[in-house]
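Let's take a friendly walk through this model together. The sequence and the fold come up just below, and the notes that follow go from the whole chain to single residues.

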Amino acid sequence: MLKKQTKFILFSILIAVSLFFLLEKELLTGRSSKSSPQNKIRILGNVISLIKDDYVEKPNPTRTTEGAFRGLVNQLDVLSSYLGKENVIKFKQQMQNRLKETGIFLYKRYGSFPVVLGIKENSPAEKKGVKIGDSISALDGRSTLMMSMFEANLYLKEIEERPVKLRILRMGKNQEISIERSTLSKDPFSYFPAKGTSGILKFHYLFSPSVNKIKEKIFPLLKNAKKPLVLDFRNCYEGDIEEARKLINLFLKSDSIGYFKKRGGIIETLSCPDAAELDKLPLVIWTNQATIGPAEAVAGVLKEYRNAKIIGFQTPGLVAKQNFFALEDGSGLLLTSAVFYINPEKELWQKGIIPDIKVKREEMSLDFYLKITCNLF
């Protein structure tokens with residue numbers, strides 16, 4: 001009994017902390033409140049007392065505290081996330097292995113259903129008819145409403161090849177489909193020739209050793225290249241910033257390609273000090289709405305400092321660093337710790353990359369992108 005009371009007290013404290021963040025946010029954004037902080041705290045105390053004394057059942061402290069943790073963390077930004085024990089295990093598996101996936105990338109804001117932002121070519125999701133813009137209201141019968149974006153995307157992955165059921169909301173109608181999970185890309189990129197270019201280098205993800213493999217396999221093909229090289233970052237939504245920096249350094253040498261800004265204004269500058277072996281090669285970059293994170297950083301920096309032409313869609317602006325914190329009960333927190341600037345006037349966080357030539361949703365085919373590319377030169 002004492003243990004349960006202690007948990008309930010902790011829950012009350014957590015709610016109070018949440019209120020503090022809410023009040024701080026109002027003060028920082030200059031919003032006024034009709035009720036004073038003292039009134040809000042008094043109302044909060046009344047709510048806790050009513051739940052404790054008058055709710056039909058005794059509150060489950062474990063469930064309510066997890067819900068409070070989730071609400072407190074998931075509302076910070078679209079990348080931050082509270083992870084329960086099961087998700088922490090899967091998160092660690094993802095760090096060690098390439099998990100099986102459906103080929104879907106979901107974008108989600110707190111308190112709304114996730115929306116399909118990207119679908120990989122020839123993936124199980126594409127074959128089952130999932131469409132860009134579909135809302136996913138449930139995964140295996142679990143509501144997605146209170147999941148974070150990270151949780152929803154992590155749920156679509158699995159270490160084993162087994163299906164996941166999606167409840168899709170499209171045009172006001174619900175439908176449920178089962179999609180297999182499978183290994184989509186064993187290699188981080190693929191390369192193929194295309195008329196009018198020096199080839200198309202398509203990135204599936206941007207983890208090590210992507211750049212070393214490019215040097216080994218692709219450099220010999222580009223030794224005497226004069227025509228533009230296409231960097232295809234469509235549906236490239238996974239990677240790390242260090243590999244992105246190495247990729248930029250293939251095309252650009254610079255003491256500063258941008259910086260991460262941390263809390264308190266602390267700056268962490270990124271540089272590309274090595275000789276850029278492809279610094280004279282013209283570049284065209286293809287994007288869509290699922291060009292995320294490190295791929296966005298590459299696109300933005302090469303556009304700014306190498307005059308790379310970007311064709312496609314404006315990206316979401318999710319270039320940030322995150323830290324994972326393990327909690328004592330096996331759960332964890334994934335928190336955004338810094339956001340990326342190309343320069344003081346160009347912050348990518350939640351702004352993204354604006355393409356030089358925009359593509360409409362009905363014009364997303366490879367042939368259309370290639371046609372526009374060839375017309376540029």
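The protein chain has 10 helices and 18 strands; these are DSSP runs numbered from the N terminus, with helices being H or I over at least four residues and strands E over at least two. This is a predicted model, in which local features need pLDDT of at least 70 and side-chain atom pairs count only at pLDDT 80 or more, while totals for chains, interfaces and linings use all residues. Residues are numbered from 1 along each chain as its sequence is written, and side-chain values use heavy atoms, with hydrogens and water left out.

**The chain as a whole**

Of the 377 residues in the protein chain, 46% are buried. Here, buried means under 20% relative accessible area, exposed means over 50%, and partly exposed lies in between (1.4 Å probe, protein chains only). The protein chain exposes about 20,200 Å², and carbon and sulfur atoms supply 54% of that area; accessible areas come from the Shrake-Rupley method with a 1.4 Å probe, and for residues only the protein chains shown count as cover. Among contacts (heavy atoms within 4.5 Å) between residues at least 6 apart in sequence, 68% join residues at least 24 apart.

**Aromatic rings and charges**

The structure holds nine aromatic pairs. Rings of Phe, Tyr and Trp (its six-membered ring) pair if their centres lie within 6.5 Å; planes under 30 degrees apart count as stacked, over 60 as edge-to-face and the rest as tilted. Tyrosine 205 and phenylalanine 207 make a tilted pair, because their ring planes stand at 45°, with the centres 6.1 Å apart. Tyrosine 205 is buried at a relative accessible area of 6%, whereas phenylalanine 207 is partly exposed at 27%.

Tryptophan 286 and tyrosine 369 are also tilted, since their planes meet at 50°, and their ring centres are 5.2 Å apart. This pair links distant parts of the chain, 83 residues apart: tryptophan 286 belongs to strand 13 (residues 283–287) and tyrosine 369 to helix 10 (residues 366–376). Tryptophan 286 is buried, with a relative accessible area of 0%, and tyrosine 369 is buried too, at 1%. Elsewhere, Phe91, Phe150 and Phe324 form one aromatic cluster.

Charged side chains also meet rings. A charge sits over a ring if NZ of Lys or CZ of Arg is within 6 Å of the ring centre and within 35 degrees of the ring normal. Tyrosine 205 appears again here: the charged end of arginine 98 sits over its ring, 3.9 Å from the centre. The charged end of lysine 90 sits over the ring of tyrosine 155, with 5.4 Å to the ring centre.

**Helix 8 and a buried threonine**

Which residues of helix 8 are buried? Helix 8 (residues 241–251) is mostly covered, with eight of its 11 residues buried: Glu243, Ala244, Arg245, Leu247, Ile248, Asn249, Leu250 and Phe251. Its N-terminal end is capped by aspartate 240, which has a side-chain oxygen 3.3 Å from the backbone nitrogen of glutamate 242.

Threonine 144 is in the loop between strand 5 (142–143) and helix 6 (149–155), and is buried with a relative accessible area of 0%. Leaving aside neighbours within four places in sequence, the residues in contact with threonine 144 include Lys108, Phe113, Pro114 and Ile136.

**Loops and backbone details**

Glutamate 160 lies in the loop between helix 6 and strand 6 (164–170) and counts as partly exposed at 46% relative accessibility. Not counting residues up to four places away in sequence, glutamate 160 touches Lys100 and Arg181. Its C-alpha atom is 9.4 Å from that of glutamate 101, although the two are 59 residues apart along the chain.

The peptide bond from serine 208 to proline 209 is cis, with omega near 10°. Proline 209 lies in the loop between strand 9 (200–203) and helix 7 (210–217).

Two asparagines have a positive phi, and the table sets them out.

| Residue | Phi | Relative accessibility |
|---|---|---|
| Asparagine 122 | about 60° | 58%, exposed |
| Asparagine 235 | near 65° | 9%, buried |

Asparagine 122 is found in the loop between strand 3 (115–119) and helix 5 (124–127), and asparagine 235 in the loop between strand 10 (229–232) and helix 8.

Notes. Polar contact = N/O pair within 3.5 Å; in protein donor to acceptor, adjacent residues only side chain to side chain.
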